[in-house]
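Me: I am new to reading protein structures, and I would like to go through this one slowly. Could we begin with the ligand and then move on to the strands and loops?

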Amino acid sequence: MANVAVMGFGTVGSGVYEILKQNAEHIAGKAGEEVKVKYILDIRDFDDHPEKQLFTKNFADIAGDASVSTVVEVMGGLHPAYEYTKELLENGKSVITSNKELVATHGTELLEIAEKHNTNYFFEASVGGGIPIIRPMHQCLAANEIEKIAGILNGTTNYILTQMIEKGKSFGDALTDAQNKGYAERNPAADVEGHDACRKIAILASLASGKFVDYKDIPTEGITEITLEDVRYADSMDCVVKLIGYAEISGGKVMARVCPMIIPRTVPLSDVDDVFNAIMIHGNMVGDVMMYGRGAGMLPTASAVVADVIDAVKHSNVPKHLTWTAAEENIMLDGDEKQTVMFIRTLAGADAVRREFADAEFVDNIVDEETAFLTPKLSEKEIRSRLDKIGDIVSGLRVLEI
Ligand code: HSE
């Protein structure tokens, strides 16, 4: 029998407990032995819980119990999750996490510690909730050089945008809904300002390039500036607005960004609504691959965590090392040089636009006094410099090209 401890009994932790209970027989079959929760660590009291004897507030109970082989860390945040994870890995226990903040910040060190102590550090649930993405990228696509990743990586913002577009809900009401459904981060600014998606694309870019991509080096914009007018303009062009985590990997260098983008309805990502996430990966041999599923929520995220638990139990004697290493030099490329098309709204007239962009493609304006247009494909730096000359810019959104 494998004894498991769960650290953090919030949305994901309670889902992990529920799946391990409900699917116990199936999970035992997959893992080759019974998988039992021995401890649940949480600072709160759960006196009404039917198995209240499992709860502890003392981390040492778990760290010091040699019969616990696998620990689920779903506490969130950096501290004390980092210190606990380090100690558990040093004690030879496998650690499974959904904590993207921790993986994106200390993943390199924690993966090294796991390897040194011949144990597992798995984080399938840290990106895309219930979508299998970490293992498929690392294992099934191993023959490929991954050249491009574009993903809807945050369920909360996708849910908010969908509710605004399709149900005409206000931003605030849609966010409250997302919080009630357990999608949003403790501090929802992490969702709506793009930081959560930024950590996720940093993890995927690290896996794809084999070198640590620091999320702090990824330019990030959220959806707080997106208006219903932007959404309506997109609709008039047969497009939608989505928050996209994007990375290009070439010659060991990485260009990454997170920003709301205009997605043509011909691109499959445009159909990804509500809490669903999807990740498109371009491998140099396989071409395009897309993974789709629920990106947040109790059972979808816990399903990915429990799959990791099963893998760790099965591979406790022969650990599997997902890995990337620290970059010895700056591997980040400047997004300014990337060739792109932008959708622009300005209060300047069409003549001013034509002077700078002779090939501009004008879009019927939805707001009086505005001129709306698509730029030709140019470097972002060049577009910005020409927009400075036009002036009176209301908003600008990149158009996703896959
Ligand atoms: N707040 C995150 C989201 C949870 O909405 O996608 C899953 O990582």
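**The ligand and its surroundings**

Me: Which pocket is the space taken by the ligand?

Reply: A pocket is an open set of points on a 1 Å grid over the protein atoms alone (1.4 Å probe), with protein on both sides within 12 Å along at least five of seven lines, and a molecule sits in it if more than half of its atoms lie within 2 Å of its grid points. By this reckoning, the space taken by the ligand is the largest pocket.

Me: Before we go on, what kind of model is this?

Reply: Residues are numbered from 1 along each chain as its sequence is written, and side-chain values use heavy atoms, with hydrogens and water left out. Local features need pLDDT of at least 70 and side-chain atom pairs count only at pLDDT 80 or more, whereas totals for chains, interfaces and linings use all residues, since this is a predicted model.

Me: Which two helices each supply at least two residues of the shell around the ligand?

Reply: The residues that surround the ligand, each with a heavy atom within 4 Å of it, include K100, G155, T156, D196 and K200. Helices (H or I, at least four residues) and strands (E, at least two) are DSSP runs numbered from the N terminus. At least two residues of the shell come from each of helix 7 (155–167) and helix 10 (195–209).

Me: How much of the ligand's exposed area does the protein bury?

Reply: For polar contacts, which are pairs of N or O atoms within 3.5 Å, one can begin with K100, where a polar side-chain atom lies 2.6 Å from an oxygen atom of the ligand. A polar side-chain atom of T156 also lies 2.6 Å from a ligand oxygen, while at G155 a backbone N or O atom lies 2.8 Å from one. Taken alone, the ligand exposes 260 Å² (Shrake-Rupley method, 1.4 Å probe), and the share of this that the protein buries is 94%.

**Strands and their partners**

Me: Why is strand 13 described as largely enclosed by the rest of the structure?

Reply: A residue is buried under 20% relative accessible area, exposed over 50%, and partly exposed in between (1.4 Å probe, protein chains only). On one side of strand 13, M342, I344 and T346 are buried, and on the other side so are F343 and R345. Strand 13 (residues 342–346) is largely enclosed because the number of its 5 residues that are buried is 5.

Me: Which residue in strand 15 is the bridge partner of R345?

Reply: Two strands pair if DSSP finds at least two bridges between them. Strand 13 is joined to strand 17 (residues 393–399) by 5 antiparallel bridges, with M342 partnered by R398. Strand 13 also pairs with strand 15 (residues 371–374), again in the antiparallel sense, over 4 bridges. There, the partner of R345 is A372.

Me: Which residue in strand 8 stands opposite K148?

Reply: Strand 7 (residues 146–152) has 5 of its 7 residues buried, so it is largely enclosed. It pairs antiparallel with strand 10 over 6 bridges, where I146 stands opposite G283. Strand 7 also pairs antiparallel with strand 8 (residues 239–250), over 4 bridges, and opposite K148 stands E248.

Me: What are the edge strands of the open sheet formed by 6 strands?

Reply: The 6 strands of this open sheet are paired in parallel and follow the order 3-2-1-4-5-6. Within the sheet, strand 1 (residues 2–7) and strand 4 pair over 5 bridges, and A5 stands opposite V71. Each edge strand pairs on one side only, and these are strand 3 (55–56) and strand 6 (121–122).

**Details in the loops**

Me: Which residue does a cis peptide bond join to H79?

Reply: The loop to look at lies between strand 4 (68–73) and helix 4 (81–90). There omega is about 10°, and the cis peptide bond joins H79 to P80.

Me: Is D392 buried or exposed?

Reply: D392 lies in the loop between helix 14 (380–390) and strand 17, and its phi is positive, near 50°, although the residue is other than glycine. Its relative accessibility is 53%, and therefore D392 counts as exposed.

How values were computed
Polar contact = N/O pair within 3.5 Å; in protein donor to acceptor, adjacent residues only side chain to side chain. 1 Å grid on protein atoms, 1.4 Å probe; cavity = no way out; pocket = protein on both sides within 12 Å on 5 of 7 lines; lining within 4 Å.
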